[in-house]
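User: Got a two-minute question for you. Can you walk me through this one?

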Amino acid sequence: MWAKVAWRLFWRELKNGELWVIAFALMLAVLTVVSLSGITDSVRSALMQRSSNFTAADKVLRSSSPFQPEILQQAEQLGLQTAQQIQFNTMLFAGDNMQLVNVKAVSSQYPLRGELLLDTAAGQNSIVAPGSVYLEARLAQILAVRVGDLLDVGAAKLKVGGIILEEPDAPLNLFGGQPRVMMHLSDVAATEVIQPGSRISYRYLFAGSEVKLKQLETDIKPLLNANDRWQQLDRQSAVGSALDRAERFLLLAGLLGIVLAAAAAAVAANRYSQRHQMAVAVIKALGVTAPLARKIYFSHLALVTGFASLCGLLLGLLANFAVQGILGQWIEGYQAVFSSKSAWLGISTALICSLLFSLRPVWRLTAVPAIEVLRQQNGDSRIDYWQLLSGSVAVLALMWLFSGDIWLSGMLFLACAGFGLCLLGFAAVLVRVAKPMAAGQSSALKLALANLRRRLWQNSFQLMTFSLALFLTLVLYFLRAELLEQWKQQVPENAPNQFLVNMTATEKDQIAQQLQQAGLATGTFYPMISGRVLAVNGEMLQEPEQDDGAASRSNQASKQQSSEQSAAQQSTAEPASGRQGFGRELNLSWLSELPANNQITAGQWFDGPAQVSVEQQQAERLQLKLGDKLTFAIGGQQFDATVSSFRKVDWNSLQPNFFMLLSPDLMEHFPATYLTAFYLPETQQSVLTALLKQFPTVSVISVAVILQQVTSIIDQVSLALTLILILVFAAAVLVLVAQVQATVEQREQELAILRTLGARGRFLRQAVLYEFAALGLLAGVFATILAEVLLAIVQMRMFQLPFNLHQSLWGLGPVTGVVLLTVLGALLLRGILQPTPASLIRRALHN
Amino acid sequence: MSVTPELFIQTRQLCKQVALPGNTLNILTDINLTINRGDSVAIVGASGSGKSTLLGLLAGLDVPSSGEVVLAGQRIDTLNDDARAELRAQHVGFVFQSFLLLPALSALENVTLPAELAGQRDATARGKQLLELVGLSERMHFFPAQLSGGEQQRVAIARAFITQPAILFADEPSANLDSATGRRVEDLLFELNRSQGTTLVLVTHNPQLAARCQRQFLMDAGRLTEALPMAEGRSHVG
Ligand SMILES: Nc1ncnc2c1ncn2[C@@H]1O[C@H](COP(=O)(O)OP(=O)(O)OP(=O)(O)O)[C@@H](O)[C@H]1O
Ligand SMILES: [Mg+2]
C-alpha cells in the first residue's frame with residue numbers, strides 16, 4: 001500500500017517541480033562525466049587511427065637487425081595483422097642515369113592502415129608486385145624512365161611497375177631527402193644490397209585492437225634488441241599538443257562541472273529535505289512509522305537517482321554518438337569506439353552523488369519526529385556537519401574517479417575548499433561591514449543591506465556558492481578562449497600549405513616573381529645547405545650507433561617539424577649518454593634577422609662574425625655553453641663558429657625551423673639552395689603545376705591535406721570545448737537556482753510580514769532586487785579575483801602558456817554576477833514579488 | 001493498570017520537562033486526567049501554558065518525562081516511536097491549527113492518505129463521501145494552495161475522520177479562521193463527534209468553543225484543573 005502512496009507523492013512532487021533541481025543536478029553530473037569521458041576517448045582514438053594511417057599501421061617496431069619470425073608469430077597468435085618493411089638507400093641505374101634513392105621494400109600485406117595508390121600499366125591500384133619497382137614521379141623524371149622500363153637495383157634487374165601516387169607512410173622529405181622507390185620484400189635478396197655493415201632499417205607493422213597491441217608489446221619485450229624501438233605518436237606535434245591541451249581542458253572542465261553539479265544536488269537535496277519536514281511530521285502523526293517514512297522517501301530518492309542517471313546516460317551517449325558521427329566524416333574509415341567505461345563512470349557518479357549528497361538529508365528528513373506538527377515553526381536549518389563531510393568525500397571521490405589522478409583531484413579539491421573558506425570569511429566580514437554603509441542610503445537599499453546582514457550565515461554560504469559557480473565558469477570561459485586563440489595562431493587562416501625546396505639562387509628570383517604575378521604571397525626564402533657538426537671545442541663528436549633510416553628520419557622530423565606526419569614517424573628514442581653527433585648532415589641556414597617564431601633564451605643574436613645560434617634542446621643534447629666553439633664541415637671545407645645564443649623554436653608552427661643558424665658572413669660563399677613556404681588556394685593549383693613544369697628540379701611538398709586535417713581537428717575540439725562550457729555554465733546556473741530557491745520560503749514569510757506592516761510592493765521588489773544585485777556584484781568581484789589567480793596558475797603550469805592579465809575578465813566577471821543573479825532572483829521570486837498581499841499572506845501562513 | 005473500555009484516555013502523574021542550558025523547564029506537572037469514550041473535552045489556557053504539549057503526550061506524539069499515559073487500553077509511555085505510530089494509525093485522528101495538508105496532494109488525496117497508508121480498500125469512495133459531508137465535493141481535485149483556509153480545514157477534518165478514529169485531537173482548529181468560518185468548522189467537528197461516537201479532545205483559546213464541549217479543563221503554567229460545570233458541582237480532577 002505504501003508503494004502506491006509513495007508513487008503518487010513522487011509523481012506529484014515531480015509535477016510540482018520539487019524534485020527537478022535534484023534530478024537536473026544529478027543528470028548534469030552524469031551527463032558531464034559520460035559525455036566528457038566518451039568524447040575524450042573517441043577524439044583520442046580518432047587521432048590514433050589517423051596517425052595509424054600515417055604509419056600504415058597501428059604500431060610500428062623498428063629494428064636494425066633482420067626480422068625475427070618469433071615476433072611475427074607472436075603477433076599472429078594474438079590475432080594481429082602484420083606486415084614487414086625494409087628500408088635502405090642505394091643507387092638506382094637506368095642506362096646512363098643514376099640516382100641515390102631510398103628504397104622501401106614491403107610485404108604483400110602492406111599497408112595495414114591508410115591507402116597506397118600506384119599508377120600502373122593496369123590502371124590505379126595498390127599492389128606492389130614482385131619483380132617491379134615503383135617510383136616517385138620526380139624520380140621517373142630525373143632518370144627519364146617510363147612504366148615498363150628496366151632498372152638496376154643493386155644486383156637485380158627490375159621493371160618499372162608504376163608511379164607512386166599516394167603512400168600512407170611517406171617520409172616528409174621536406175628538405176632534400178632521397179627520392180622514394182618501392183618494391184616487394186621478396187626481391188630484396190636478389191639485389192644483394194644487404195651486406196654485413198650496411199645500414200638497413202627493418203620495420204614490423206602491426207594492426208589490431210589496443211589491448212592486443214599492448215599485450216604484444218609486453219610479450220615480445222624479451223625478444224627485442226637494444227636498438228629496437230616502438231614508433232610512437234608524438235605529443236609535441238601541432239595536433240598532438242593541441243589535443244593534449246584540449247584533453248586537459250576537458251578534464252579540468254569536467255572536474256569543475258562535476259563539483260558544481262554535485263554542489264547543486266547537495267543544495268537541492270537539503271532544500272527538499274527542509275521543505276518536507278512538515279509533511280513527514282504530518283504523515284508520522286497520522287500513524288506512519290519511521291521505517292515506512294524511510295521507505296517512502298528513499299524510494300523517491302532512488303527513483304530520482306535512477307531517472308536522472310538514465311537521462312544523463314542517454315544524453316551523454318547521444319553526445320558521444322554525435323561526436324563519433326562527426327569524427328566519422330572527418331576520418332575516412334573511422335571505427336567508432338564505445339567503451340562501457342563512460343557508462344560505468346556515469347552510473348558511479350550518480351550513485352556517489354545520491355548516496356553521499358542526498359542520503360543524509362533524506363535520512364534526517366525521515367527522522368523528523370511527529371511532535372513537530374504541534375510546533376509552529378519551520379524546520380531547523382542548521383548546517384549539518386555530517387553532510388558537509390560526506391559531501392566533501394563525495395566530491396573528492398568523484399574527481400578521483402573521473403580523472404584517475406588523485407594528485408590533481410586532491411589539489412583542485414583543496415583549492416576549491418580553500419577558496420570556499422576564504423570566501424566565507426570575506427563574505428562574513430563584508431556583510432558585517434555593510435551595516436554602517438547602509439546608513440544614509442535610500443530606504444530600499446537600506447532594507448536590502450539589512451536583509452543581507454540578517455541572514456548572515458546563510459548569505460555567506462550563498463555568496464560562497466555563487467562566487468564559486470561564477471568563478472569556475474569564468475575560468476573555463478577564458479581558458480577556452482585562450483586555447484582557441486593559441487590554435488588560431490598556430491594554424492592561421494591562409495597558413496602556408498606548400499613548401500618549395502631545392503631552388504637555386506636564380507630560380508628563387510624567377511619563382512618569387514612568378515608567384516607574385518599570380519597574386520600569391522611568399523614568405524622568407526631561407527638559404528639552406530647541408531653540413532655536419534664535427535667537433536665541439538676541438539673535441540670530435542662520436543657518431544651515434546643507430547639505424548640510418550630511423551636516425552635521419554627522427555632527426556629530420558624533430559628538426560624541421562612541420563607537420564603531423566613527420567611527428568607520427570618520429571621515433572621515441574634519442575641516443576643517450578656522451579656527446580654524440582647527429583650522425584648525418586644537418587640543414588644549415590644563415591639569417592641576419594631572428595625568425596619571428598624563434599626566441600632567444602640565452603646570449604645575443606649575432607653581433608659579430610663567425611657565430612652560431614643553436615636550438616635549445618640540441619644545445620642541451622650537445623652539452624653546449626655560450627662561447628663554445630663548434631666546428632662545421634660543408635663539402636670538403638671546415639670552419640669554426642662561436643655559440644652566441646640559444647634559441648627556443650616553436651615546433652608547433654608550420655614554418656621552416658633550423659637547429660643551427662649561422663651568421664651570414666660564414667656561409668655567403670657556399671652554394672646554397674633556397675626554401676620557401678606559401679599559401680596556395682585550391683583554385684590556383686594550376687600555378688603550381690606550371691611552375692613545376694618550368695623548374696623540374698624544384699620540389700614541392702604540399703601540406704594542404706595535413707593542414708586541413710589539423711584545422712578540422714581543432715574545429716571539432718573547439719566544438720567540444722564550447723559544449724563543455726555550456727554544460728558547466730548550466731551546472732553553475734543550477735547551483736544558483738538551487739540556492740535562491742532554498743531561501744524562497746523564508747523570503748516569502750518576510751515579505752508577507754513586511755507587506756502586512758504596510759510596505760509597498762514596489763519598494764519591496766526593489767529591496768529584493770538590490771539584495772540580489774549586491775550579492776551578484778560581490779560574487780562577481782570575488783570570482784574575478786580568484787579566476788585571475790587560478791588562470792595564471794593553470795595557464796602557466798598546466799598548459800605552458802604565457803601569463804597575461806585578462807582585462808575583459810574584470811568587466812565580465814562582476815557584470816555577469818550582477819546580471820545573472822538579479823535576473824535569476826527576479827525570475828525565481830516573481831511569484832512572491834508580484835501577488836496581492838492577501839494571497840501572499842495566505843501562502844506565508846500555509847507554509 | 002486495569003482499564004475499563006469506557007476510560008479511553010487516562011494519565012497518572014504525568015510530567016514533562018525539557019533540559020535547557022543551565023536549568024530544566026517543567027512544562028507539565030502532575031497531570032492526572034481521565035477521558036471517557038465519546039466525551040468531548042476542551043483544554044483552555046494561556047499561551048505557553050502547555051496545552052499543545054499535553055495534547056502531544058495524550059496522542060502519543062511525544063513521551064512524558066515521567067508518569068503514565070493510557071490510550072485505547074494501552075500504556076503508551078513505554079511504547080517506542082513506531083509502536084505509538086501504529087496505535088495512532090488505528091485509533092487517532094488530528095486536526096491542526098495550520099491545517100497541515102500535504103501541498104503536493106489534492107484535497108481528495110489528502111483525505112484518503114491515512115486510509116491508504118493503513119491499507120484500507122475503499123479509501124477513495126469514503127474519501128469522496130467525507131468530502132461531500134464537509135461540503136467540498138466540488139473541490140475534490142483542488143490542491144491545498146487553491147483552497148481557502150476554511151476549506152483547507154474542512155479537508156483536514158475529513159482526513160481526520162477517514163480512518164474512523166476512536167479519538168480525535170484538535171489543536172486550535174479554528175484559530176486561523178474568521179469567526180463565521182471557524183464556527184462552521186467547529187459544527188462539523190461536533191457533528192462527526194456525535195455521529196461517529198468519536199472522543200474529541202480539543203485545545204482552544206476560544207471560550208465559546210470550549211463551552212460547547214461536555215468537559216472543560218484549564219491549563220495554567222503546566223497544571224491542569226477541570227472547570228466545574230455549575231450544575232453538577234464535580235470536584236477537581238488534577
Ligand atoms: N521542546 C521544547 N523545548 C523547550 N521548550 C519547550 C519545548 N516544547 C515546549 N516548550 C515550552 O513549553 C511551553 C508550553 O508550550 P506549548 O506549545 O505546550 O504551549 P501552548 O499552551 O500550546 O501555547 P499556545 O497557546 O501559544 O499554543 C512553552 O513555553 C514552550 O516554549
Ligand atoms: Mg499550542
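Analyst: Sure, we can go through the interface, the sheets and a few backbone oddities. Keep in mind that this is a predicted model.

User: Okay, interface to start. How many residues does each chain put into the contact?

Analyst: Chain B brings 36 residues and chain A brings 29 residues. Together the two chains bury about 2,800 Å², with 66% of it on carbon and sulfur atoms.

User: Which three residues of chain B supply more of its buried area than any other three?

Analyst: Those are B:Leu61, B:Glu116 and B:Leu117, which supply 21% of the area that chain B buries against chain A.

User: And how many salt bridges cross between chain B and chain A?

Analyst: Four by the rule used here. One of the pairs is B:Glu109 with A:Arg8, where the closest N and O atoms are 3.6 Å apart. There are also six residue pairs in polar contact between the chains, counting pairs with both residues at pLDDT 80 or more.

User: Which helices of chain B supply at least two residues each to the side that touches chain A?

Analyst: Helix 1 (51-58), helix 2 (81-91), helix 3 (107-117) and helix 5 (149-161) of chain B. Helix 3 of chain B gives the largest share, six residues. By class, that side of chain B has 18 nonpolar, ten polar and eight charged residues.

User: Back to B:Glu116. What does its side chain meet in a salt bridge?

Analyst: A:Lys4, at 3.4 Å from N to O. A:Lys4 sits in helix 1 (residues 2-16) of chain A and B:Glu116 in helix 3 of chain B, so this pair joins two chains. Over all chains, the whole structure has 20 salt bridges.

User: Switching to sheets. In what order do the six strands of the open sheet in chain B run?

Analyst: The order is 6-7-8-3-9-10, with mixed pairing. Strand 6 (92-95) and strand 10 (223-227) of chain B are at the edges with a single partner strand each, so one side of each has no neighbour in the sheet. On average, neighbouring strands are turned by 20 degrees against each other, direction ignored.

User: Strand 3 and strand 9 of chain B: parallel or antiparallel?

Analyst: Parallel, over five bridges between residues 40-45 and residues 215-220 of chain B. In that pairing B:Val44 stands opposite B:Leu218.

User: Which strands does helix 2 of chain B lie across?

Analyst: Strand 6 and strand 7 (167-171) of chain B, and the helix runs at about 80 degrees to strand 6.

User: Now chain A. How many bridges join strand 2 to strand 3 there?

Analyst: Ten, and the two strands of chain A run antiparallel. A:Phe88 has A:Val103 as its bridge partner. The two strands form a hairpin with two residues between them, and A:Gly95 in the turn has a positive phi of about 65 degrees. Strand 3 of chain A also pairs in the parallel sense with strand 9 (residues 180-184) of chain A over five bridges, where A:Ala105 is matched with A:Met183.

User: Last topic, backbone oddities. Where is the cis peptide bond?

Analyst: Between A:Tyr110 and A:Pro111, with omega about -10 degrees. A:Pro111 is in the loop between strand 3 (97-106) and strand 4 (117-120) of chain A.

User: And what is phi of A:Ala144?

Analyst: Near 55 degrees, a positive value in a residue other than glycine. A:Ala144 is in the loop between helix 4 (137-143) and strand 7 (150-153) of chain A. For context, most residues other than glycine have a negative phi, and most peptide bonds are trans.

Technical notes
Residues are numbered from 1 along each chain as its sequence is written. Chains are lettered from A and ligands numbered from 1 in the order in which they are written. This is a predicted model: local features need pLDDT of at least 70, side-chain atom pairs count only at pLDDT 80 or more; totals for chains, interfaces and linings use all residues. Side-chain values use heavy atoms; hydrogens and water are left out. Contact means heavy atoms within 4.5 Å. Buried area is the accessible area (1.4 Å probe) that two parts lose on being put together, summed over both. A polar contact is a pair of N or O atoms within 3.5 Å; within protein, one must be able to donate a hydrogen and the other to accept it, and residues adjacent in sequence count only if both atoms are side-chain atoms. Helices (H or I, at least four residues) and strands (E, at least two) are DSSP runs, numbered from the N terminus. Ala, Val, Leu, Ile, Met, Phe, Trp, Tyr, Cys and Pro count as nonpolar, Asp, Glu, Lys and Arg as charged, and the others, Gly among them, as polar. Two strands pair if DSSP finds at least two bridges between them. Axes are lines fitted to C-alpha atoms, for helices over the stretch in contact, and angles run from 0 to 180 degrees between N-to-C directions.
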